Amino acid sequence: MRSVRYILSPLILILSAVSSCNKDKKDTITPVLRLTLTTPGTHYNMFDTIPIVATFPDETQLTKTEISFRDMNGIPVQASFSIPLSGKTYNLNSQLELYEFRLPSGNYNIEVTVSDGENITTKTN
């Protein structure tokens, strides 16, 4: 009986140590954002559409992307739009229409953000 106790005690300790180390791992890797836009400095007029092509790979699950049109101070100058995503990779082929007629001539940026629910990656061009 004594030998059974000596065998069971270490076995119980090992099982409890293994089960306590088996916690859910938090996603710490941000999604990759490969963005293809027109050449910086390209001239557009009101009601033109700007093509946006991007690829978003992630090791877990993508949740959404958001596209916005911003001034040089990073302030949105027309409404942004979101696209819900699913899967580990998404190929975006979209267009941004310039519809805000009160915009003065000048330089502006397109900002694309992608999220996997835990991490966010943003690129501006």
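This briefing walks through a three-stranded sheet, two aromatic pairs, a charge over a ring and two buried polar residues. The model is predicted, so please read every distance and angle below as computed from that model. The sheet is open, with its 3 strands in the order 1-2-5 and antiparallel pairing. A search of the whole structure turns up 2 aromatic pairs, and Gln78 and Asn119 are both worth a visit for their side-chain contacts with backbone atoms.

**The sheet 1-2-5**

- The open sheet runs in the order 1-2-5, and its strands pair in the antiparallel sense.
- Its edges are strand 1 (34-36) and strand 5 (89-97), each of which pairs on one side only.
- On average, neighbouring strands of this sheet are turned by 15 degrees against each other, with direction ignored.
- Strand 2 (residues 49-57) and strand 5 are joined by 9 bridges in the antiparallel sense.
- If you would like a landmark in strand 5, Leu96 is the bridge partner of Ile50.

**Aromatic pairs**

- The whole structure holds 2 aromatic pairs.
- Phe56 and Tyr90 count as a stacked pair because their planes meet at 10 degrees, under the 30 degrees that stacking requires; their ring centres are 6.3 Å apart.
- Phe56 belongs to strand 2 and Tyr90 to strand 5, so this pair ties together parts that are 34 residues apart in sequence.
- Phe56 is buried, at a relative accessible area of 0%, whereas Tyr90 is partly exposed at 27% relative accessibility.
- The other pair, Phe69 with Tyr108, is also stacked, with 5.3 Å from centre to centre and 25 degrees between the planes.
- Here Phe69 comes from strand 3 (residues 64-71) and Tyr108 from strand 6, so the pair links parts that are 39 residues apart in sequence.
- Phe69 is buried, with a relative accessible area of 6%, while Tyr108 is partly exposed at 23% relative accessibility.

**A charge over a ring**

- The charged end of Arg102 sits over the ring of Phe101, at 5.2 Å from the ring centre.

**Gln78 in strand 4**

- Gln78 lies in strand 4 (residues 76-84) and counts as buried because its relative accessibility is 6%.
- A polar atom of the Gln78 side chain lies 2.8 Å from the backbone oxygen of Glu97.
- The Gln78 side chain also reaches the backbone nitrogen of Tyr99, at 3.3 Å.
- Setting aside neighbours within four places in sequence, Gln78 is in contact with Phe69, Leu96, Glu97, Leu98, Tyr99 and Glu100.
- Two of these contacts recall earlier topics: Phe69 is in the aromatic pair with Tyr108, and Leu96 is the bridge partner of Ile50.
- Gln78 and Glu100 are 22 residues apart in sequence, and their C-alpha atoms are 6.2 Å apart in space.

**Asn119 in a loop**

- Asn119 is found in the loop between strand 6 (108-115) and strand 7 (120-124).
- At 13% relative accessibility, Asn119 falls under the 20% cut-off and therefore counts as buried.
- A polar atom of its side chain lies 3.1 Å from the backbone oxygen of Ile29.
- Leaving out residues up to four places away in sequence, Asn119 touches Asp27, Thr28, Ile29, Thr30, Pro31 and Val114.

Terms used: Residues are numbered from 1 along each chain as its sequence is written. This is a predicted model: local features need pLDDT of at least 70, side-chain atom pairs count only at pLDDT 80 or more; totals for chains, interfaces and linings use all residues. Side-chain values use heavy atoms; hydrogens and water are left out. Helices (H or I, at least four residues) and strands (E, at least two) are DSSP runs, numbered from the N terminus. Buried means under 20% relative accessible area, exposed over 50%, partly exposed in between (1.4 Å probe, protein chains only). A polar contact is a pair of N or O atoms within 3.5 Å; within protein, one must be able to donate a hydrogen and the other to accept it, and residues adjacent in sequence count only if both atoms are side-chain atoms. Contact means heavy atoms within 4.5 Å. Two strands pair if DSSP finds at least two bridges between them. Axes are lines fitted to C-alpha atoms, for helices over the stretch in contact, and angles run from 0 to 180 degrees between N-to-C directions. Rings of Phe, Tyr and Trp (its six-membered ring) pair if their centres lie within 6.5 Å; planes under 30 degrees apart count as stacked, over 60 as edge-to-face and the rest as tilted. A charge sits over a ring if NZ of Lys or CZ of Arg is within 6 Å of the ring centre and within 35 degrees of the ring normal.
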